[in-house]
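Thanks for coming. I have one structure for today, and I will go through a few of its features in turn. Please have a look at the sequence and the model first.

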Amino acid sequence: MPHFRLAIPLLSVFAMGAASSFEDTDHLDRQVAVYLNADIGDAGGARAPIDKKLRLKRCPNRVRFSETNNNAVMVSCPDLGWRVFVPLWRGQGRATAQNNRAEEFAVRRNQPLNLVVRRPSFSISYKVVAQKNGRIGDYIPVRSSRKSKILMARVSGSGEVELAQ
């Protein structure tokens, strides 16, 4: 019986050590908020917290932050090679953005769209149907018919998407 008294604390120490091998997404969210000087959902801040299901190995050095474009911040660990893109709110604050959320969609689910593939020497246009709502710059799934393969495309305008490369 006395062996169990020692085993439980030892197991809890090992469990704490195993849990610390992954990055804490809440801590990453706080770092993103400090980097952007805005909380999650506020104007200029992240749209949503980083997914808690992600199991990112703990970065041995500092995590890097860089703005990729007007829509996201890249959180990366160059030493391990992982990176996460955090979408941003631009413009209105949380309350106004939630009220205008429906108006922001450039593409609606089940809307017929033109899928455009642009290359230096040619351009192809193809009819597809949106599988989700999307704002300009968002990547959404599209397909040409119910039985066709789903493709990921970037919303480039109202009624138009570009093939993701």
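Which handedness does the link of Cys59 and Cys77 have? Before I answer, note that this is a predicted model. The link is right-handed, with 85° about the S-S bond. The sulfur atoms of Cys59 and Cys77 are 2.1 Å from each other, and the cut-off for calling a disulfide is 2.5 Å. By that rule the count comes to one disulfide.

What does this disulfide tie together? Cys59 sits in the loop between helix 2, residues 25-36, and strand 1, residues 64-67. Cys77 belongs to strand 2, residues 72-77, so the bond ties together parts that are 18 residues apart in sequence. Are the two cysteines buried or exposed? Cys59 and Cys77 are both buried.

Staying with that loop, Gly41 is also found between helix 2 and strand 1. Its relative accessibility is 5%, and the limit for buried is under 20%, so Gly41 counts as buried. Gly41 and Leu88 are 47 residues apart along the chain, and 8.2 Å separates their C-alpha atoms.

Now helix 2 itself. Asp29 has its place in this helix. With a relative accessible area of 10%, Asp29 is buried. Which residues does Asp29 touch, if we leave out those up to four places away in sequence? They are Ile40, Pro49, Ile50 and Lys52.

Next, the aromatic rings. How many aromatic pairs does a search of the whole structure find? It finds one. The pair is Tyr35 and Phe65, with ring centres 5.5 Å apart and planes at 25°, so it is stacked. The limit for stacked is under 30 degrees between the planes. Tyr35 is in helix 2 and Phe65 is in strand 1, so this pair ties together parts that are 30 residues apart in sequence. Tyr35 is partly exposed, at a relative accessible area of 37%. Asp29, in the same helix 2, is buried at 10%.

That leaves the barrel. Five strands form a closed barrel in the order 4-5-6-7-8, and the pairing is mixed. On average, neighbouring strands of this sheet are turned by 55° against each other, direction ignored. As a reminder, strands of a sheet pair through backbone hydrogen bonds, either parallel or antiparallel.

Which sense do strand 4 and strand 5 take? Strand 4, residues 112-118, and strand 5, residues 123-130, pair in the antiparallel sense over seven bridges. The connection from strand 4 to strand 5 is a hairpin through four residues. To locate the register on your screen, find Pro112, which stands opposite Val129 in strand 5. Leu113 then stands opposite Val128, also in strand 5. In a regular strand the side chains alternate between the two faces of the sheet.

On to strand 6, residues 139-143. How many bridges join strand 5 to strand 6? There are two, and the strands run antiparallel. Here Ala130 stands opposite Val142 in strand 6.

To recap, I covered the disulfide between Cys59 and Cys77, the stacked rings of Tyr35 and Phe65, and the closed barrel of five strands. That is what I have for today.

Notes: Residues are numbered from 1 along each chain as its sequence is written. This is a predicted model: local features need pLDDT of at least 70, side-chain atom pairs count only at pLDDT 80 or more; totals for chains, interfaces and linings use all residues. Side-chain values use heavy atoms; hydrogens and water are left out. Buried means under 20% relative accessible area, exposed over 50%, partly exposed in between (1.4 Å probe, protein chains only). Rings of Phe, Tyr and Trp (its six-membered ring) pair if their centres lie within 6.5 Å; planes under 30 degrees apart count as stacked, over 60 as edge-to-face and the rest as tilted. Two strands pair if DSSP finds at least two bridges between them. Axes are lines fitted to C-alpha atoms, for helices over the stretch in contact, and angles run from 0 to 180 degrees between N-to-C directions. Contact means heavy atoms within 4.5 Å.
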